[in-house]
Amino acid sequence: MHVFNFRDTTLVLDPVTGSLFAVDELAGEVIKSYGQVSPREVKERLSARFSPADIDVVLEEVKALCDEGLLNVTLPDEPEQAEDNPQVKALCLHVAHDCNLRCKYCFAATGDFGGGRTLMDVETGKAAIDFLLRSSGSRKHLEVDFFGGEPLLNFSVVKALVAYGRQEAEKHSKVLRFTLTTNGTLLGEEETSFLNENQLSVVLSLDGRAAVNDFLRPFADDVGSYTQVRDAILKFVASRGGKNYFVRGTYTAHNLDFAKDVAHLYDLGLREISLEPVVGGVGESYALTMEHAADLCREYDRLADFYLEKQENGDPFNFFHFNVATYNGPCFGKRIIGCGAGWDYVAVTPEGDIYPCHQFVGNEQFKLGTVFTGLVNLDLPRELAQVNVYRKPDCLACWAKLYCSGGCHASAFHTHGTFLKPDSLACVLQKKRIECALGINALRSKM
């Protein structure tokens, strides 16, 4: 059981059932040690602050909740894996290993993923969609995310693949949904009309305040991108009535006060926002370390206050990391394994090479095959399919395991050289975001 405070309210979470309770201070103190020490020891520890009679009442109430299966629920045994081979449902389709920006923190090495600057041709893209359709098994709903680099550098191929994908999906009685992730600089009238008419979901990149964005996200000539990106995003979002988009930013060690960047995006009129911690960059000035953890956690508290303020004022916004399904969330199998990289989600390079996800692209040891040959290296997907919270000692002992699903496979590997040990800072930040999300849900239920 996890006991934490949010805005002067003591909350108790049963991690297995998702039961969330607002309790008084005494109940919180009792639950912290309930089941770990005897009731007598609980009373001895708390008797200096609370009356023995009150402690007895709380102990009985907690026991009743446990007996009802709402608190202190045991994690079920690890479920058996249903399939032996991947059933791919989503492609991260790298139509461009090139970019017109030179973001200094780019995990893709400013767009080329450490190789040459290349664009996917139509035939390779069609082969990727064919691979998805034949590898999806019984799955009906499939996804393709046009990715880069900057995918709009290869707009003609994007257009051709949307048409081809829809045509072929219909033949196979599948439903294919498209997303495009863009820095926004190439969103002209033609691109906007196409994206709107074909109902593509769009992820738009902007880091927040002008100085923050321009410091790390310049064009190739080192000129800041903020003004052009801001204007393009606002025009694009207006063109689709403020729907079916996300603005995604990155915060680094240079803007530990990132709640101000979320506030800036909100003040621009944007209401679908995600701001993520920077990945990697060990030794770089922008990299985040455990030394930043306390400041970052306090900043999430400030962001939660801002989020609730806007909600209470009747003009709310959606912040991606504050979305936690306390009920009707993902199935248990999904909650123990997470993203499904290499199993039901893969990345495809401009040449048609297949990798478990975009963060492994270019590392030959993680190459799974090609869109022409299919998956050849099946040992790695099978290994990744077994990388769940039951196999990670740190996760198994953690209250947040069924909310973060053990974290990012790539982050774990790049930090520790193994899939089985999550990145420590990522864990701290994830747990803090989950606490904020749960606290917001608890307060929302009272509104």
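This report describes a pocket, a helix and a buried glutamate in a predicted model.

**The second largest pocket**

The second largest pocket has a volume of about 480 Å³. Its lining is made up of 21 residues, and Q81, G333, K334, I337 and W343 are those that lie nearest the centre. Helix α11, which spans residues 332–337, gives the most to this lining, with four residues. The table divides the lining residues of the second largest pocket by class.

| Class of lining residue | Number |
|---|---|
| Nonpolar | seven residues |
| Polar | six residues |
| Charged | eight residues |

**Helix α4**

Helix α4 covers residues 122–135 and has 14 residues. From its first C-alpha to its last, α4 reaches 20 Å, close to the 20 Å expected at 1.5 Å a residue. The N-terminal end of α4 is capped by D121, with a side-chain oxygen of D121 lying 3.3 Å from the backbone nitrogen of E123. Within α4, the buried residues are T124, G125, A127, A128, I129, F131, L132, L133 and S135. Just after the helix, G137 takes a positive phi of about 55°.

**Glutamate 299**

E299 has its place in helix α10, residues 293–312. Is E299 buried or exposed? E299 counts as buried because its relative accessibility is 5%, and the cut-off for buried is under 20%. The side chain of E299 makes a polar contact of 2.6 Å with the side chain of R302. When neighbours within four places in sequence are left aside, E299 is in contact with L256, D257, F258, A259 and K260.

Note on methods:
Residues numbered from 1 in each chain as written. Predicted model: local features only at pLDDT ≥ 70, side-chain atom pairs only at ≥ 80, totals over all residues. Heavy atoms only, no water. 1 Å grid on protein atoms, 1.4 Å probe; cavity = no way out; pocket = protein on both sides within 12 Å on 5 of 7 lines; lining within 4 Å. Points joined across faces, edges and corners; volume = space filled by probe spheres on them. Helix = DSSP H or I, 4+ residues; strand = E, 2+ residues; numbered from the N terminus. Nonpolar A, V, L, I, M, F, W, Y, C, P; charged D, E, K, R; others polar. Expected span 1.5 Å × (residues − 1). Buried < 20%, exposed > 50% of the residue type's maximum accessible area, 1.4 Å probe, protein only. Polar contact = N/O pair within 3.5 Å; in protein donor to acceptor, adjacent residues only side chain to side chain. Contact = heavy atoms within 4.5 Å.
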